[in-house]
Amino acid sequence: MTALAQYQRLETTGLWRDAPGAQRREAHISLGNATLVIAALSGQPLAHWSLPAIERLNPGDTPALYAPGADATETLEIAEPEMISAIETLRGAIEGARPHPGRLRAGIVALVMVCLAAIGALWLPGALMRQTAFVLPDAKRADLGDDLVAQLVSLSGQPCGDALGDQALGQLSARVFGEGAPKIVVLPEAVAGTLHVPGNILVIDRGLVEDHDTPDVLAGHLLAEDLRRRGNDPILRLLADAGLPATLRLLTTGQIAPGALRAHATRLVAERPASVSDAALLAAFEAAGVSSQPFAYALDISGESTLALIEADPMRGQQPAPILSDQNWIALQEICSG
């Protein structure tokens, strides 16, 4: 370490003691390159102190008392303000130039913790929601679906239903979907077309059973909504709306606050249905043994925007089994008349 230029060869006098209890001696002090030189007034050298090792024993007091190191027995008392200022300036410059591994380590640790916190804030909610949806029993999914249907009913009125209509609705679902067919709920208003809720439940608007001549159009809407359900777990959609606190509550207690369910139900009826690819729809029609043409023309009477569903109808040239008998279709069309 080279002393700062303005302090080179700065000199003064001070009181030097070579050991505790020894007689203090007046000495000549000079500030040089990297050292503090202590000499007797006669010029005889007494000590050379390394500037980086010097410590002040009485910070803020005057005269200043220094030692050549933490365990040193020597001391030096200096009263000259300029010399004290020079030594303190050099000590500060030396301390600032030293590496501080502890500070660096603390900074790295702090940076890592901030990064982990940021990653946690972004990743944890989604991961927790996915885990909650994964472990949620089917019975609890069904309960949440029923609770959401109840919230939808509060927005639209009581579901449509009578003995013959309900029987026809069950037959239609079984014919279109086969084993594991979803429960279908018909609401008198509020729902624009179809939507789905947890528990394998599809909700439809009464217009889909009242406004068409055959059940093929309704079947097409149900197949499209089932594809949306399969592509987006309704529990994950519910939890994304309800937020992390509701997710934690569901995971720990199996319950979601009614307010969160009502907010989600309100959003469901306000959302536009997500689009479904023609390829996926045609595969679903083929698996169900249902013609895609009636559905395509119901969406666009000209057929221009649904040409792929018309031309690639998997039932073209075939005679698929009827979806419902005429008698059951009439009963289903009258399900909301009671």
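A disulfide is here a pair of cysteine sulfur atoms within 2.5 Å, and by that criterion the structure, which is a predicted model, holds one.

Begin the tour by selecting Cys160 and Cys336, whose sulfur atoms lie 1.9 Å apart and which form that disulfide. Turn the view until the S-S bond can be followed: the torsion about it is about 100°, so the disulfide of Cys160 and Cys336 is right-handed. Now widen the selection to the surrounding chain, where Cys160 is found in the loop between α3 (138-156) and α4 (163-177) and Cys336 in the segment after α13 (326-333), so that the pair ties together parts that are 176 residues apart in sequence. If a surface is switched on, both cysteines, Cys160 and Cys336, prove to be buried.

Next, select strand β10, residues 201-205, of which five of the five residues are buried, so the strand is largely enclosed by the rest of the structure. With side chains displayed, Ile201, Val203 and Asp205 can be seen to point one way from β10, while Leu202 and Ile204 point the other way.

Keep β10 in view and add its partners. Strand β8 (residues 183-187) pairs with β10 in the parallel sense over five bridges, and within this pairing Leu187 stands opposite Asp205. Strand β9 (residues 194-197), by contrast, runs antiparallel to β10 and is joined to it by four bridges, with Thr194 standing opposite Ile204. Follow the chain from β9 into β10 and stop at the hairpin, which has three residues between the strands; there Gly199 takes a positive phi near 85°.

From the strands, move to helix α2, residues 101-135, and pick out Arg130 within it. Arg130 has a relative accessibility of 47% and therefore counts as partly exposed, since exposed would require over 50%. Adding Asp233 to the selection gives a distance to inspect: the C-alpha atoms of Arg130 and Asp233 are separated by 9.6 Å, although the two residues are 103 apart along the chain.

The last stop is an aromatic pair, and the count of such pairs comes to one. Select Phe285 and Phe295, whose ring centres are 5.8 Å apart and whose planes meet at 45°, so the pair is tilted. Phe285 belongs to helix α10 (residues 278-288) and Phe295 to helix α11 (residues 293-299), the two being 10 residues apart. With the surface on once more, Phe285 and Phe295 are each buried.

Terms used:
Residues numbered from 1 in each chain as written. Predicted model: local features only at pLDDT ≥ 70, side-chain atom pairs only at ≥ 80, totals over all residues. Heavy atoms only, no water. Buried < 20%, exposed > 50% of the residue type's maximum accessible area, 1.4 Å probe, protein only. Pairing = 2+ DSSP bridges. Phe/Tyr/Trp six-rings, centres within 6.5 Å; stacked < 30°, edge-to-face > 60°.
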